[in-house]
Amino acid sequence: MNPFWATCLILSSLLEGTRGRVLYPLPSKEHKHKQPLQTSRPYNIAHRGSNGEIPEETTDAYKRAIEEGADFIETDILATKDGELICFHDVTLDDTTDIGNHTEFSDRKRTYQVQGFNVTGFFVGEVRQRYPFRDQQYNGKFSIITFEEYIAIALDANRVVGIYPEIKNPVFINQHVKWPNGERFEDKFIELLQKYGYGGAYMSAKWLKKPVFIQSFAPTSLIYISNKMDSPKILLIGDFSMPTQDTNQSFWEITSDSYFEYIRDYVVGIGPWKDTIVPPLNNYLTAPSDLVYRAHAHNLQVHPYTYRNENSFLHFDFHQDPYEEYEYWIKTIGVDGLFTDFTGSLHRYQKCASGILR
C-alpha cells in the first residue's frame with residue numbers, strides 16, 4: 001500500500017478485452033438471517049482478498065477470503081478514463097496483468113507524472129499473481145472487476161462481511177477524469193456506496209448491517225467525504241519518507257498529537273505501515289514506538305498493513321512463524337485490525353487464541 005504505487009489511471013481504450021466477460025451478478029442472493037459481524041477481537045481485513053493464494057482483487061480472491069473467515073474484504077478503487085470505478089492497485093498494469101504479452105497494445109504504453117515521478121507502462125490485461133514465489137496456476141484466469149461487483153460479493157455472503165475500499169490518489173484521478181456536472185472521484189465513490197445502502201456512524205445499527213471503512217492516503221479526500229457521508233474513515237500512513245499526496249505533510253506531522261486531535265473529527269482510525277510502528281533493523285524488530293498508544297489516547301483505532309506468511313516478509317524475531325507475528329501485534333502491540341494477504345491464517349490464529357477450534 002505504498003502511496004506511490006497506490007495510484008493508477010486505467011485507459012478506457014484498453015478495456016476492450018474485458019467488455020465481453022461475464023459480470024459478477026449484482027446482489028443476487030437473499031440471506032434474511034445473517035450471522036453478524038464479529039466485533040469482539042481485532043478485525044481480520046483481507047488485503048485485496050485472499051491474495052496470498054489467488055491473484056489480488058479478483059472475484060475468487062474475495063470469495064476465498066470470505067470462506068476463510070475475513071471480517072472485511074479490502075480493495076483499491078480507481079477510475080477508468082470514461083469514469084467507471086474499478087478494483088485495481090498499481091500505477092501501471094505491468095506487475096499484475098498479462099499486458100506485456102499483448103504486442104498489439106505496444107503502441108499504447110504511456111507516461112504520466114504521478115506525485116512528481118514520471119511513470120511509464122501499460123495502463124490493462126488479465127490478472128496474474130504479483131509475486132513469483134506464490135501459486136501461479138490462476139494466472140490469466142481472472143479479470144479486473146468493478147466496484148459494484150466487489151460490493152455484490154460482500155452482500156451475497158451468507159454472513160455479514162464488511163467492505164474496506166481505498167480511494168486511490170484522488171488528486172491524480174480528478175486531474176485526468178472529468179465527470180458531468182463538476183462531480184469528483186469522491187462523489188462517484190459515495191454514490192455507489194449509498195446506492196447499495198452503506199452509511200451510518202461506526203457501530204450504529206445501520207453500519208453493523210452493512211459495515212464499511214473508507215480509507216485513503218489523502219487527508220483532504222477523507223475530509224471531503226466526511227462532509228457527505230458519516231461512514232467511518234481510516235487515514236492511511238506510508239513510510240517515514242513519504243509525504244501525504246495532497247497536502248505534502250510529513251509522517252511526523254500527521255502522526256503528531258496535535259494532528260491526531262484535529263483529524264479525529266473526520267476519521268475513526270489510522271492505517272500505518274507496520275514498520276513505522278515497530279521499526280526493524282537488519283530484519284530484527286527494535287523497540288516499539290508510541291504510535292499505537294498515542295492513537296488510542298485520541299480514541300483512534302489502528303489497522304496496520306500488511307501481514308504476509310512468507311519468510312521473505314517475516315522478521316527474524318518470529319522464527320518463520322506467522323502465528324507468532326499475529327500474537328505479537330495483537331497481544332503486545334494491541335492493534336485493532338490487521339491487513340493480511342493470508343486471511344485463513346489470521347482466522348485460524350484468532351480461533352485458537354480464543355479457544356474456539358472450528
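**Figure 1. The whole protein, with its 11 helices and 15 strands.** This is a predicted model, so please read every close-up below with that in mind. Of the 358 residues of the protein, 58% count as buried. The accessible surface comes to about 15,100 Å², and carbon and sulfur atoms account for 50% of that area.

**Figure 2. Helix 2 (residues 147–155) and its surroundings.** Here is a helix that is largely enclosed by the rest of the structure, because 9 of its 9 residues are buried. Starting from Phe147, the buried residues are Phe147, Glu148, Glu149, Tyr150, Ile151, Ala152, Ile153, Ala154 and Leu155. What do the buried residues of helix 2 pack against? Their partners are helix 1 (59–67), strand 3 (72–80), strand 4 (85–87), strand 7 (145–146), strand 8 and helix 4.

**Figure 3. Helix 1 packed on helix 2.** The two axes lie 10 Å apart and meet at an angle of about 25°. Since angles under 35 degrees count as roughly parallel, that makes helix 1 roughly parallel to helix 2. The crossing of helix 1 past helix 2 is right-handed. To find the contact in the model, look for Thr59, Tyr62, Lys63 and Ile66 on the helix 1 side, which meet Tyr150, Ile153 and Ala154 on the helix 2 side. By class, the residues of this contact comprise 5 nonpolar, 1 polar and 1 charged. As a reading aid, an α-helix has 3.6 residues a turn, so residues three or four places apart point the same way.

**Figure 4. Helix 6 (residues 219–226) and what covers it.** In this helix the buried residues are Pro219, Ser221, Leu222, Ile223 and Ile225. Which elements help to cover the buried residues of helix 6? Among the helices, the cover includes helix 3 (170–176), helix 4 (185–195) and helix 8 (257–263). Strand 8 (162–167), strand 9 (214–216) and strand 10 (233–237) also contribute to this cover.

**Figure 5. Helix 4 packed on helix 6.** This view picks out one of the elements from the previous figure, helix 4, which is part of the cover of helix 6. The helices pack at an angle of about 50°, and their axes are 10 Å apart. That angle makes helix 4 oblique to helix 6. Helix 4 passes helix 6 in a right-handed crossing. Helix 4 brings Glu186, Asp187, Phe189 and Ile190 to the contact, while helix 6 brings Ser221, Tyr224 and Ile225. Sorted by class, the residues of this contact are 4 nonpolar, 1 polar and 2 charged. Of the helix 6 residues in the contact, Ser221 and Ile225 are also listed among the buried residues of that helix.

**Figure 6. Two asparagines with positive phi, Asn169 and Asn282.** For background, most residues other than glycine have a negative phi. Asn169 has a phi near 25° and sits in the loop between strand 8 and helix 3. Asn282 has a phi near 55° and belongs to the loop between strand 12 (280–281) and strand 13 (284–285). Is Asn169 buried or exposed? Asn169 counts as buried, because its relative accessibility is 4%. Asn282, by contrast, is exposed, with a relative accessible area of 64%.

**Figure 7. The cis peptide bond between Tyr305 and Thr306.** In general, most peptide bonds are trans. The bond joining Tyr305 and Thr306 is cis, with omega at about -15°. Where does Thr306 lie? Thr306 is placed in the loop between strand 14 (301–302) and helix 10 (322–333).

**Figure 8. Lys206 and its contacts.** Lys206 is part of helix 5 (residues 205–209). Setting aside residues up to four places away in sequence, Lys206 touches Gly197, Tyr198, Gly199 and Gly200. Ser231 is 25 residues from Lys206 along the chain, and 9.7 Å separates their C-alpha atoms.

**Figure 9. Gln136 in its loop.** The loop shown here runs between strand 6 (117–121) and strand 7, and Gln136 lies within that loop. Gln136 counts as partly exposed, because its relative accessibility is 32%. Leaving aside neighbours within four places in sequence, Gln136 is in contact with Gln129 and Tyr131.

Conventions:
Residues are numbered from 1 along each chain as its sequence is written. This is a predicted model: local features need pLDDT of at least 70, side-chain atom pairs count only at pLDDT 80 or more; totals for chains, interfaces and linings use all residues. Side-chain values use heavy atoms; hydrogens and water are left out. Buried means under 20% relative accessible area, exposed over 50%, partly exposed in between (1.4 Å probe, protein chains only). Helices (H or I, at least four residues) and strands (E, at least two) are DSSP runs, numbered from the N terminus. Contact means heavy atoms within 4.5 Å. Axes are lines fitted to C-alpha atoms, for helices over the stretch in contact, and angles run from 0 to 180 degrees between N-to-C directions. Angles under 35 degrees count as roughly parallel, over 145 as roughly antiparallel, 65 to 115 as roughly perpendicular and the rest as oblique. A crossing is left-handed if the near helix is turned anticlockwise from the far one by less than a right angle, and right-handed if clockwise. Ala, Val, Leu, Ile, Met, Phe, Trp, Tyr, Cys and Pro count as nonpolar, Asp, Glu, Lys and Arg as charged, and the others, Gly among them, as polar. Accessible areas come from the Shrake-Rupley method with a 1.4 Å probe; for residues, only the protein chains shown count as cover.
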